[in-house]
Amino acid sequence: MPLPFAAPLKPMLAKLKDDLPAGSEWVYEPKWDGFRAIVWRDEKGIDIISRDGKPLQRYFPELVPMLESALPQVCVVDGEVILVTQDRLEFELLQQRIHPARSRIERLASETPASFVVFDALAEDERDLRNEPFAERRERLETWGLGQERGDVQLTPQTDDRDQAVRWLDELELMGLDGVIAKQTGRPYTPGRRDMVKVKRKRTVDCVIGGYRPSKAGHGVGSLLLGLFADDVLHYVGHTSSFKAAERRQLLALLKPLTGGDSFGRGRTPGEPSRWTGGRDSSWVPVHPTLVCEVMIDKLQGDRFRHAATFLRWRRDKSPSECTFDQLAPS
């Protein structure tokens, strides 16, 4: 039996908002921290296609038999490849699975197997479900029995209680989840459009400036390199680059007298070799770690910032020694 439409398909996306929308037409789901993927199943087998149209089954071979056992014979579902260890999502371990060596992939598939969370049904048998209301697509998913006897392929939790969803923003962070997604029950599936809402739990952190990267134009600071102390050792945790052109020149004038010193020399250092950075120039200029700034972050990867932080203000009232990893502990 053929599928009603062919791969690839751009996933429906979410727009970042500060607050969760309210109203009877909204339902809420956890925002999983993994690799977004659309799964296609027909008589030819299973294809797991990433958000940018690349096949993932080579890197996650253990998912194929799981999905074959859990899904209908002919279907298309939207979901997330995740990796859980000790009841916590591990995005860094998930990234390690994208590797060219088959032997390494097979070993990691055995040592740290991935699983899959389903959150939308786009087709079943010959029926295209994309134009059906989301509430009906969800009801169809619930008839499949996902997450009952097939623990490696889960149906994402859902609530229509906004207060519960707000609590999730704090409670689920302990599990490594990325926030909350809000969906309208009557909306069709719109590939490539940001017709859902996502809210992430954001926090502020006071960091030490341990260095900077020059701007590509050479007329100022491209990014400030941020550090936190552990046992009197400064470790690089991320960067902030949210500055206008005039601010970049002002920063360079501020930092020039502080140039030098080891700053990150004894701890984690910016620009360390990584297969993710490719051939990008990662050179940086160390500065004496005397300046403190407050930044806003949205996600941790281990004890580092996943994304660029947003600069908020200078903290002239705070000493560098007060900027420790204790700030990153879940509240």
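Where is Pro-8 found? Pro-8 turns up in the segment before β1, and it gets a close-up of its own further down. The model shown in all of these views is a predicted one.

**Figure 1. The whole chain, before we zoom in.** This chain folds into six helices and 20 strands. Measure up its C-alpha trace along the principal axes and you get a span of about 70 × 50 × 40 Å. Of the 331 residues in the chain, 50% are buried. Now take the contacts between residues at least 6 apart in sequence: 72% of these join residues at least 24 apart.

**Figure 2. A cis peptide bond ahead of β1.** Here we look at the link from Ala-7 to Pro-8, a peptide bond that is cis, with omega near 0°. As a reminder of the usual picture, most peptide bonds are trans. Pro-8 itself belongs to the segment before β1.

**Figure 3. An open sheet built from four strands.** Follow the strands across and the order reads β1-β12-β11-β2, with mixed pairing. On the edges sit β1 and β2, each of which pairs on one side only. Neighbouring strands in this sheet are turned against each other by 40° on average, if you ignore direction. Helix α5, made of residues 162-171, packs on the sheet and touches β2, β11 and β12. The direction of α5 makes about 15° with that of β2.

**Figure 4. Where β1 meets β12.** Strands in a sheet pair through backbone hydrogen bonds, and they can do this in a parallel or an antiparallel way. Which way do β1 and β12 run? They run parallel, and four bridges join them. To spot one pair of partners, start at Lys-15 and look across to Val-197 in β12.

**Figure 5. β14 with a partner on either hand: β13 and β15.** Let's begin with β13 (residues 203-214), which pairs with β14 in the antiparallel sense over six bridges. One pair to look for is Val-208 and its bridge partner in β14, Gly-227. The two strands form a hairpin with six residues between them, and in that turn Gly-218 has a positive phi of about 80°. Next comes β15 (residues 233-240), which also pairs with β14 in the antiparallel sense, over seven bridges. In this pairing, Leu-225 stands opposite His-239 in β15. β14 and β15 form a hairpin too, with two residues between them. Why is β14 described as largely enclosed by the rest of the structure? Because nine of the 10 residues in this strand (residues 221-230) are buried.

**Figure 6. Aspartates with an unexpected backbone angle.** Most residues other than glycine have a negative phi. Asp-125 has a positive phi of about 55° although it is not a glycine. You'll find Asp-125 in the loop between β8 (115-124) and β9 (127-128). With a relative accessibility of 35%, Asp-125 counts as partly exposed. In the turn between β14 and β15, Asp-231 has a positive phi of about 55°. Asp-232, in the loop between β14 and β15, has a positive phi of about 65° without being a glycine. Is Asp-232 buried or exposed? Its relative accessibility is 64%, so Asp-232 counts as exposed.

**Figure 7. A look into the second largest pocket.** Rolling a probe the size of a water molecule over the atoms shows where empty space is left. The second largest pocket has a volume of about 840 Å³. It is lined by 34 residues, and the closest to its centre are Gly-34, Phe-35, Arg-36, Arg-51 and Glu-80. Elements that give two or more residues to this lining include β3 (35-42) and α2 (91-95), along with β11 (179-184) and β12 (194-199). Sorted by class, the lining has 15 nonpolar, 14 charged and five polar residues.

**Figure 8. A cavity inside the structure.** How many cavities of 30 Å³ or more does the structure hold? The count is one, and the volume of this largest cavity is about 60 Å³. Among the residues that line the largest cavity are Met-12, Phe-134, Arg-137, Lys-183, Tyr-189 and Met-196. The elements α4 (134-142), β11 and β12 each give two or more residues to the lining. Its classes come to five nonpolar, five charged and one polar.

Key. Residues are numbered from 1 along each chain as its sequence is written. This is a predicted model: local features need pLDDT of at least 70, side-chain atom pairs count only at pLDDT 80 or more; totals for chains, interfaces and linings use all residues. Side-chain values use heavy atoms; hydrogens and water are left out. On a 1 Å grid over the protein atoms alone, a cavity is a set of points where a 1.4 Å probe fits but cannot get out, and a pocket is an open set with protein on both sides within 12 Å along at least five of seven lines; lining residues have an atom within 4 Å of a point. Grid points are joined across faces, edges and corners, and a volume is the space filled by probe spheres set on the points. Ala, Val, Leu, Ile, Met, Phe, Trp, Tyr, Cys and Pro count as nonpolar, Asp, Glu, Lys and Arg as charged, and the others, Gly among them, as polar. Two strands pair if DSSP finds at least two bridges between them. Axes are lines fitted to C-alpha atoms, for helices over the stretch in contact, and angles run from 0 to 180 degrees between N-to-C directions. Contact means heavy atoms within 4.5 Å. Buried means under 20% relative accessible area, exposed over 50%, partly exposed in between (1.4 Å probe, protein chains only).
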